[in-house]
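Hi,

Here is the structure I promised to pass on. Have a look at it first, and then read my notes below.

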Amino acid sequence: MKAEKWYVYIVKCADNTLYTGVTTDIIRRLDEHNYSSLGAKYTKPRRPVVLVYQETHLTRTDATKREAELKKFSKAEKRKLFVNNHLNRTPSLSRYSRGVK
């Protein structure tokens, strides 16, 4: 059985707010946030969203704990995460991670 990876991610919304979430499939979740009725209630009226940060975790528990930590961060603290770490981009994610300012 293949071990499932869990991702904690931050997206920047069209209104410049930040949303933090957890998923096992970043691309699917970003598509949901941007195009589907399955997107988070918070992000639906703030489309499009752009991926600005992600972390990988081995368990859902670890990812959920980290998500809770990040949700307590101020916007400035979150911004430091993705400006300093500037998203390990892969070609498959490039359409979701355009020009972060």
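**What I found**

Let me start with a charged residue: Glu32 counts as buried, since its relative accessibility is 12%. Keep in mind that this is a predicted model. Glu32 makes a salt bridge with Arg29, and the closest N and O atoms of the two are 2.8 Å apart. Arg29 is buried as well, at a relative accessible area of 14%. The two sit three residues apart in helix 1, which puts about one helical turn between them.

Glu32 and Arg29 are also part of something wider. Together with Arg28 they form one network, joined by salt bridges that share partners.

In total there are six salt bridges. Here are two others that you may want to find on screen:

- Arg66 and Glu55 meet through their side chains, at 2.9 Å from N to O. Arg66 belongs to helix 2 and Glu55 to strand 3, so this pair ties together parts that lie 11 residues apart in sequence. Both Arg66 and Glu55 are buried.
- Lys71 and Glu67 form a salt bridge at 3.3 Å, N to O. They are four residues apart in helix 2, so about one helical turn separates them. Lys71 is partly exposed, with a relative accessible area of 47%, whereas Glu67 is buried at 14%.

As for the general reason such pairs form, side chains of opposite charge can pair when their charged atoms come close.

**The overall layout**

Now for the fold as a whole. The protein chain has three helices and three strands, and from the N terminus they come in the order β-β-α-β-α-α. There are 101 residues in the protein chain, and 41% of them count as buried. The accessible surface is about 6,300 Å², with 53% of it belonging to carbon and sulfur atoms. If you take the contacts between residues at least 6 apart in sequence, 55% of them join residues at least 24 apart.

**The sheet**

The three strands make an open sheet in the order 2-1-3, with antiparallel pairing. Strand 2 and strand 3 are at the edges with a single partner strand each, so one side of each has no neighbour in the sheet. From one strand to the next, the twist averages 20°.

Strand 1 is worth a closer look. It covers residues 6-12, and seven of the seven are buried, so the rest of the structure largely encloses it. In a regular strand the side chains alternate between the two faces of the sheet. Here both faces are covered: Trp6, Val8, Ile10 and Lys12 are buried on one side, and Tyr7, Tyr9 and Val11 are buried on the other.

On one flank, strand 1 pairs with strand 3 (residues 50-57) in the antiparallel sense over seven bridges, and Val11 stands opposite Leu51 of strand 3. Strand 1 also pairs with strand 2 (residues 18-23), again antiparallel, over six bridges. In that pairing, Tyr7 stands opposite Thr23 of strand 2.

**Two backbone details**

What is the phi of Asn16? It is near 70°, a positive value in a residue other than glycine. Asn16 is in the hairpin of strand 1 and strand 2, which has five residues between the strands. Asn16 counts as partly exposed, at 40% relative accessibility.

The other detail is a cis peptide bond, from Arg47 to Pro48, with omega near 0°. Pro48 is in the loop between helix 1 (26-35) and strand 3.

**Helix 3**

Which residues of helix 3 are buried? Helix 3 runs over residues 75-85, and its buried residues are Lys78, Leu81 and Phe82. They cover an arc of only 80° around the axis, which places them on the same side of helix 3. These buried residues pack against strand 1, strand 2, strand 3 and helix 2 (60-72). The face turned away from that buried side carries Ala76, Lys80 and Asn84, which are exposed.

If you only have a minute, I would begin with buried Glu32 and its salt bridge to Arg29, then go on to strand 1 with its seven buried residues.

Cheers

Technical notes
Residues are numbered from 1 along each chain as its sequence is written. Side-chain values use heavy atoms; hydrogens and water are left out. Buried means under 20% relative accessible area, exposed over 50%, partly exposed in between (1.4 Å probe, protein chains only). Contact means heavy atoms within 4.5 Å. Accessible areas come from the Shrake-Rupley method with a 1.4 Å probe; for residues, only the protein chains shown count as cover. Two strands pair if DSSP finds at least two bridges between them. The arc is that of the directions from the helix axis to the C-beta atoms. Axes are lines fitted to C-alpha atoms, for helices over the stretch in contact, and angles run from 0 to 180 degrees between N-to-C directions. A salt bridge is a side-chain nitrogen of Lys or Arg within 4 Å of a carboxyl oxygen of Asp or Glu.
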